[in-house]
Amino acid sequence: FADEEGLAKCESCPAGGDCSSGDHAVAKPGYWKTSANKFIECTIPGACVGGTQVCTEGMHGPLCTGCDVGWTRRSGEVCAPCPGLGLNLFFVFLTFAGYTIYIGIMVSTLSVALKLFT
């Protein structure tokens, strides 16, 4: 394969590299190209797609660990588009309603307990 300057070398393809094009070594799926023909295995399964695209959609950065703007992820998973405003508002309302019911039950229980001791 050829090195970064395009000079042909008689070297074997580096581990994690794909030299099938015969031109330059690119990353295999699951690997990140760190520098001239050196590859590191990605820490998030499915994040590094290899080839010239490098990261799966919505991800960027070294080892494809960062999410693009408008994308989010749970620990150890690939990034996914952020939920829409409607879904987020629903969860805020649901949380508020849950806390309101909890506080109402606590106040009711406390008032009953205070009546028993007075």
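This briefing covers the fold, surface, nonpolar core and backbone of the protein shown above. The model is predicted. The protein has 118 residues, of which 19% count as buried. Its secondary structure comprises 10 strands and 1 helix.

**Fold and surface**
- Along the sequence the elements run β-β-β-β-β-β-β-β-β-β-α, with the helix at the end of that pattern.
- Among contacts between residues at least 6 apart in sequence, 17% join residues at least 24 apart.
- The exposed area of the protein is about 8400 Å², and carbon and sulfur atoms supply 65% of that area.

**Nonpolar core**
- In soluble globular proteins, nonpolar side chains tend to be buried together.
- The largest nonpolar core here consists of 9 residues.
- Its cysteines are Cys 42, Cys 48, Cys 55, Cys 64 and Cys 79, and the other members are Trp 32, Ile 44, Ala 47 and Met 59.
- Leaving aside neighbours within four places in sequence, Cys 42 is in contact with Gly 30, Tyr 31, Trp 32, Cys 48 and Leu 63.

**Loop between β7 and β8**
- Leu 63 lies in the loop that connects β7 (59–60) to β8 (66–67), and Cys 64 is also placed in the loop between β7 and β8.
- Most residues other than glycine have a negative phi.
- Leu 63 has a positive phi of about 60 degrees, and Cys 64 has a positive phi of about 55 degrees; neither residue is a glycine.
- Cys 64 counts as buried because its relative accessibility is 0%, under the 20% cut-off.
- Leu 63 is one of the contacts of Cys 42, while Cys 64 belongs to the largest nonpolar core.

Terms used:
Residues numbered from 1 in each chain as written. Predicted model: local features only at pLDDT ≥ 70, side-chain atom pairs only at ≥ 80, totals over all residues. Heavy atoms only, no water. Core = buried A, V, L, I, M, F, W, Y, C linked by side-chain atoms within 4.5 Å. Buried < 20%, exposed > 50% of the residue type's maximum accessible area, 1.4 Å probe, protein only. Contact = heavy atoms within 4.5 Å. Helix = DSSP H or I, 4+ residues; strand = E, 2+ residues; numbered from the N terminus. Areas by Shrake-Rupley, 256 points an atom, 1.4 Å probe, with all protein chains shown as cover.
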